Amino acid sequence: MSILCVGSVALDSVETPYGKAERVLGGSATFFTAAATHFHPVSMVGVVGGDYPVDELDFLSERGADLSGIERAEGESFFWAGRYHDDLNSRDTLETRLGVFADFEPKIPEAFRASRFVFLGNIHPDLQNQVLDQVDAPEVVACDTMNYWIEGTRKELVALLERVDILMVNDEEARQLADEPNLIKAARWIRERGPSTVVVKKGEHGAALFTDDRSFFVPGYPLERLFDPTGAGDAFAGGFMGHLAYVGVLDADEMRRAMVYGSVMGSFAVEDFSVDRFKTLRTEEITERVHEFREMTEFGGARR
Ligand code: AMP
């Protein structure tokens, strides 16, 4: 059974110190699916407007994505524009136009309702809630969000947490959501509200996994060529969930391995603009990078 992914299917205009891309494929669901389909089939649910270049999503269907849950509505597609600062770690949102997203009511096709793995990409928490009302009994519900929703719809988001197993946010979002500067305490605050697991993404500095009994940290891949960080977080989620769905096991070891696959897919996302790097990415390249992560972090334990 494929992974159900609901989120934004966007057009992005992005400026980084390395160049510009205008109205290119973006959105949380798009990045997630581009990464996750390297491991497992994905069923996408979202909405686009009449201006969306839907043919450009064909590469996802070719990789095993089911796009039948993407509605075409009259109006403008979700549009996001951002500009990155020189260090590429921070960015300014220049514009967010919800377009057809403003009236979007996700309808989960019958065939997707029995999904074991559900990824709620970054959209209004009420919509994320509506998705969960329509699925049978998923084993894993992972959820992403961003400052836009934490600021605007905090109450709805906190209520949603009760229904979420894994919250995936970046460090700034975790602190903002919990209103707590210490990340360990922020993760605990979040876990006390529902999710048994919190994954905190830290851009080029990697990511942390917080569960009941243990924490686990994975570095970011040291890249020399980095073009566009947009979507790295969703690609991380795609690698993470894609791995779990592929192995079908949810124990502590596989969760850790999922963190590494997440970090690997995030690192590929930033090597090119939009989802372009995922179009040519080969399985051997993914595996090679996983091996490199192992080499980078293995140190043989304490001295004797
Ligand atoms: P990330 O870099 O992982 O935060 O993901 C950026 C992607 O999220 C871009 O492709 C945007 O189109 C999309 N995005 C930006 N703002 C929002 C929002 N408020 N709701 C949903 N998606 C968004």
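The arrangement of one sheet and of the helices that lie against it is described here for a predicted model.

The sheet is open and comprises nine strands in the order β5-β4-β1-β8-β9-β10-β11-β12-β13, with mixed pairing. The edges are formed by β5 (65-72) and β13 (215-218), each of which has a single partner strand, so that one side of each is left without a neighbour in the sheet. From one strand to the next, the twist averages 15°. Within this order, strand β11 (residues 197-201) and strand β12 (residues 207-210) pair in the antiparallel sense over four bridges, and K201 stands opposite A207 in β12.

Two helices lie across strands of this part of the sheet. Helix α6 (residues 171-178) lies across β10 (166-170) and β11, and its direction makes an angle of about 110° with β10. Helix α9 (residues 252-269), by contrast, lies across β10, β11, β12 and β13, running at about 25° to β13.

A further helix, α7 (residues 183-191), has L183, A186, A187, I190 and R191 as its buried residues. Because these residues cover an arc of only 135° around the axis, they are placed on the same side of α7. The elements that cover the buried residues of α7 include the strands β10, β11 and β12, together with helix α6. At the N-terminal end of α7, N182 acts as a cap, with a side-chain oxygen that lies 2.9 Å from the backbone nitrogen of I184.

Methods
Residues numbered from 1 in each chain as written. Predicted model: local features only at pLDDT ≥ 70, side-chain atom pairs only at ≥ 80, totals over all residues. Heavy atoms only, no water. Pairing = 2+ DSSP bridges. Axes fitted to C-alpha atoms, helices over the stretch in contact; angles between N-to-C directions. Contact = heavy atoms within 4.5 Å. Buried < 20%, exposed > 50% of the residue type's maximum accessible area, 1.4 Å probe, protein only. Arc of directions from axis to C-beta. Polar contact = N/O pair within 3.5 Å; in protein donor to acceptor, adjacent residues only side chain to side chain.
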